[in-house]
Structure formats: C-alpha cells, structure tokens
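Thanks for coming. I have one structure to go through today, and I will take it piece by piece.

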Amino acid sequence: MKFTPNSNWVVLPDPTSSETESGIILDETTIRARAKSNVLKVLAVGAQCHFVKVGDTAVIDPRSEAIQLTIEDQDCLLISEHQIIGVE
C-alpha cells in the first residue's frame, strides 16, 4: 500500500467488506463472522507509531471506533495506535 497515514494512525482491512483483496465475493454469513473479528493485519502506519509496523497482526479493542474509508480500491479502517491491544 502506497498510502501513509499521518501521526499515529494505523490502517487495517475492513472486516465487513463484501469482497476479498483477490476479488472473491463473500456471502452474508461470512461477512457477519468476519465483522466480529478483532484480529487484523496492519496495512499501513503513521510515522509516530512506535508499537506496530506494517505486516503485524494486531488485536484491536472490540469497543474501538474506526474511520471507514477506501484506499487504493480497498475498504479499510483507520484507527489510532492506542486502540491496539497487542500484536502477534
């Protein structure tokens, strides 16, 4: 991903997206199951992120609010680094 967020923002894939990165269209049951997931791969990080890096698998606080946006034709979530509980 070429996009780089400012400050301590982190870009994650939107688990409620109805299509995978490879173009596979998902059924409603799969979308609902994915929406409950709070373990997501980090796609991009801002320059002030100290805890996570691109490619990490992050565990997100399930109560977190995120900004939904589309970057490079991919549905994404934008969250602050402090909303990440830990990384794998």
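Where does Gln-83 lie? Gln-83 is in the loop between β6 and β7, the latter being residues 84-87. Before I go further with that loop, a word on what we are looking at: this is a predicted model, and the chain averages a pLDDT of 85. Of the residues, 80% score at least 70. Confidence is highest in strand β3, residues 44-45, at 97. Confidence is lowest in helix α1, residues 28-35, with a mean of 56. Where pLDDT is low, the predicted coordinates should not be read in detail. I will leave the internals of that helix alone.

Back to Gln-83. Is Gln-83 buried or exposed? Gln-83 counts as buried, because its relative accessibility is 15%, and the cut-off for buried is under 20%. A polar atom of the Gln-83 side chain lies 2.8 Å from the backbone nitrogen of Ser-80. If we set aside neighbours within four places in sequence, Gln-83 is in contact with Ile-60, Asp-61, Ser-64 and Glu-65.

The next residue to discuss is Ile-84, in strand β7. Ile-84 is buried as well, because its relative accessible area is 8%. Which residues does Ile-84 touch, not counting those up to four places away in sequence? The list is Val-10, Phe-51, Val-52, Ala-58, Val-59, Ile-60 and Ile-79. Ile-60 thus appears in the contact list of Gln-83 and in that of Ile-84. For a distance, take Ile-84 and Ser-64: they are 20 residues apart in sequence, and their C-alpha atoms are 8.9 Å apart in space.

Now the sheet. What is the strand order in the open sheet of four strands? The order is β3-β1-β6-β5, and the pairing is antiparallel. β3 and β5 are the edge strands, each pairing on one side only. As a general reminder, strands of a sheet pair through backbone hydrogen bonds, either parallel or antiparallel.

Inside that order, β1 and β6 run antiparallel and are joined by five bridges. Leu-12 stands opposite Leu-77 in β6. On the other side of β6, five bridges join that strand, residues 74-80, to β5, residues 67-71, and this pair also runs antiparallel. β5 and β6 form a hairpin with two residues between them. Ile-71 has Gln-74 in β6 as its bridge partner. Glu-72, in the turn, has a positive phi of about 50 degrees.

Leu-69 is a residue of strand β5. Leu-69 is classed as partly exposed, because its relative accessible area is 25%. Outside the residues up to four places away in sequence, Leu-69 touches Gln-74, Asp-75, Cys-76, Leu-77 and Leu-78. Leu-69 and Val-11 are 58 residues apart in sequence, with 9.6 Å between their C-alpha atoms.

Also on the subject of β5, consider Asp-14, which is in the loop between β1, residues 9-13, and α1. Asp-14 counts as buried, because its relative accessibility is 8%. What does the side chain of Asp-14 make a polar contact with? The partner is the side chain of Gln-68, at 3.3 Å.

On to charged pairs. How many salt bridges does a search of the whole structure find? The search finds two. One joins Asp-56 and Lys-53, where the closest N and O atoms are 3.2 Å apart. Its two ends are classed differently: Asp-56 is buried, with a relative accessible area of 9%, whereas Lys-53 counts as exposed at 53% relative accessibility. The other joins Arg-63 and Asp-61, with 3.1 Å between the closest N and O atoms. Arg-63 counts as exposed, because its relative accessibility is 72%. Asp-61 has already come up, as one of the contacts of Gln-83.

Last, the cysteines. A disulfide is a covalent bond between the sulfur atoms of two cysteines. How many disulfides does a search of the whole structure find? The count is zero. Cys-76 is buried, with a relative accessible area of 0%, and Cys-49 counts as buried at 12% relative accessibility. Cys-76 is also one of the residues that Leu-69 touches.

That is what I have. Questions are welcome.

Technical notes: Residues are numbered from 1 along each chain as its sequence is written. Side-chain values use heavy atoms; hydrogens and water are left out. pLDDT is the predictor's confidence in each residue, from 0 to 100. Buried means under 20% relative accessible area, exposed over 50%, partly exposed in between (1.4 Å probe, protein chains only). A polar contact is a pair of N or O atoms within 3.5 Å; within protein, one must be able to donate a hydrogen and the other to accept it, and residues adjacent in sequence count only if both atoms are side-chain atoms. Two strands pair if DSSP finds at least two bridges between them. A disulfide is a pair of cysteine sulfur atoms within 2.5 Å. A salt bridge is a side-chain nitrogen of Lys or Arg within 4 Å of a carboxyl oxygen of Asp or Glu. Contact means heavy atoms within 4.5 Å.
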